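Hi,

Here is the structure I promised to pass on to you. Have a look at it first, and then read on for what turned up in it.

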Amino acid sequence: MIEFFDDQGRATAFCDGRTIYLWEGRAVAYLLDDRVFSFSGRFIGWLTDGWIIDGQGHCLLFESDAIRGPGKPSRKGGSLKATPQSAPLRSSRQAVPARPPGSAEWSDSTFTDLL
C-alpha cells in the first residue's frame, strides 16, 4: 500500500495501486494509468513522481519517496489506517485537460475538496 500525506504531513489517503482510499478506509478515487478520477467521474489530477497533482500542476498529496515538488513537511504520526471498503461503481469520466508543467507549489485545494 502506498500512503499519501497532505501539505501538513498528515496521513490522508492510501492506494493499493488501483484504488485510492481516505485514511478511514472509504474508496474515493481510482487510477487510470497516471490519471486520478473520483468515482463520480470528476478528474482530480495526475500521479507523478510520487505526487498527486491537480489540474493546474500544483501538489495535493505526496508519498514518502516523492521527488521534486515543494518541500515535504515532516510526516506526522497518527491513527492506523482503516481496512479498505468496497469501491463504488465508476461514473462516466470527465474530459482530461492538457497536462500542465509540474509545479513546486502546493495547491490551494485539498484532495478531499476535489472529490
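**What turned up**

Let me start with S107, which sits in the segment that follows β8. Please keep in mind throughout that this is a predicted model. Is S107 buried or exposed? The cut-off for buried is under 20% relative accessible area, and S107 has 10%, so S107 counts as buried. Its side chain makes a polar contact of 2.6 Å with the side chain of D54. The S107 side chain also reaches the backbone nitrogen of S109, at 3.0 Å. If you skip residues up to four places away in sequence, S107 touches D54, H58, C59 and L60.

**The barrel**

Now for the overall fold. What you are looking at is a closed barrel of 8 strands, in the order β1-β2-β3-β4-β5-β6-β7-β8, with antiparallel pairing. On average, neighbouring strands of this sheet are turned by 30 degrees against each other, if you ignore direction.

**Where β1 meets its neighbours**

Strand β1 pairs with β2 in the antiparallel sense, over 4 bridges. Within that pair, F4 stands opposite A13 in β2. β1 also pairs with β8, again antiparallel, and here there are 2 bridges. F4 turns up in this pairing as well: its bridge partner in β8 is E63.

β1 and β2 form a hairpin with 5 residues between them, and G9 in the turn has a positive phi of about 85 degrees. To find G9 by residue number, look in the loop between β1 (2-5) and β2 (11-15). How accessible is G9? Its relative accessible area is 0%, so G9 is buried. What does G9 touch, once residues up to four places away in sequence are set aside? The answer is P73, S74, R75 and K76. For R75, the C-alpha atom is 4.2 Å from that of G9, although the two residues are 66 apart along the chain.

**E63 in β8**

E63 deserves a look of its own. You will find E63 in strand β8, which covers residues 59-63. This residue is buried yet has no salt bridge. Which side chain of opposite charge is nearest to E63? That is K72, 8.7 Å away. A salt bridge needs a side-chain nitrogen of Lys or Arg within 4 Å of a carboxyl oxygen. Leaving out neighbours within four places in sequence, E63 is in contact with I2, E3, F4, L47, G50 and K72. So F4, its bridge partner across from β1, is on the contact list too.

**From β5 to β7**

Further along the barrel, strand β5 (residues 35-38) pairs antiparallel with β6 over 3 bridges. F37 has F43 as its bridge partner in β6. These two strands form a hairpin with 4 residues between them, and G41 in the turn takes a positive phi of about 100 degrees.

Next comes the join between β6 (residues 43-48) and β7 (residues 51-53), which run antiparallel with 3 bridges. Here W46 stands opposite I53 in β7. This hairpin has 2 residues between its strands, and D49 has a positive phi near 55 degrees.

D49 belongs to the loop between β6 and β7. Where does its accessibility put it? With 34% relative accessibility, D49 counts as partly exposed. The D49 side chain makes a polar contact with the side chain of R68, at 3.1 Å. Not counting neighbours within four places in sequence, D49 is in contact with A66, I67 and R68. The C-alpha atoms of D49 and D108 are 20 Å apart, with their positions 59 residues apart along the chain.

If you want a quick tour on screen, try G9 in the loop between β1 and β2, then E63 in β8, then D49 in the loop between β6 and β7, and finish back at S107 in the segment after β8.

Cheers

Technical notes:
Residues numbered from 1 in each chain as written. Predicted model: local features only at pLDDT ≥ 70, side-chain atom pairs only at ≥ 80, totals over all residues. Heavy atoms only, no water. Pairing = 2+ DSSP bridges. Axes fitted to C-alpha atoms, helices over the stretch in contact; angles between N-to-C directions. Buried < 20%, exposed > 50% of the residue type's maximum accessible area, 1.4 Å probe, protein only. Lys, Arg positive; Asp, Glu negative; His and termini not counted. Contact = heavy atoms within 4.5 Å. Polar contact = N/O pair within 3.5 Å; in protein donor to acceptor, adjacent residues only side chain to side chain.
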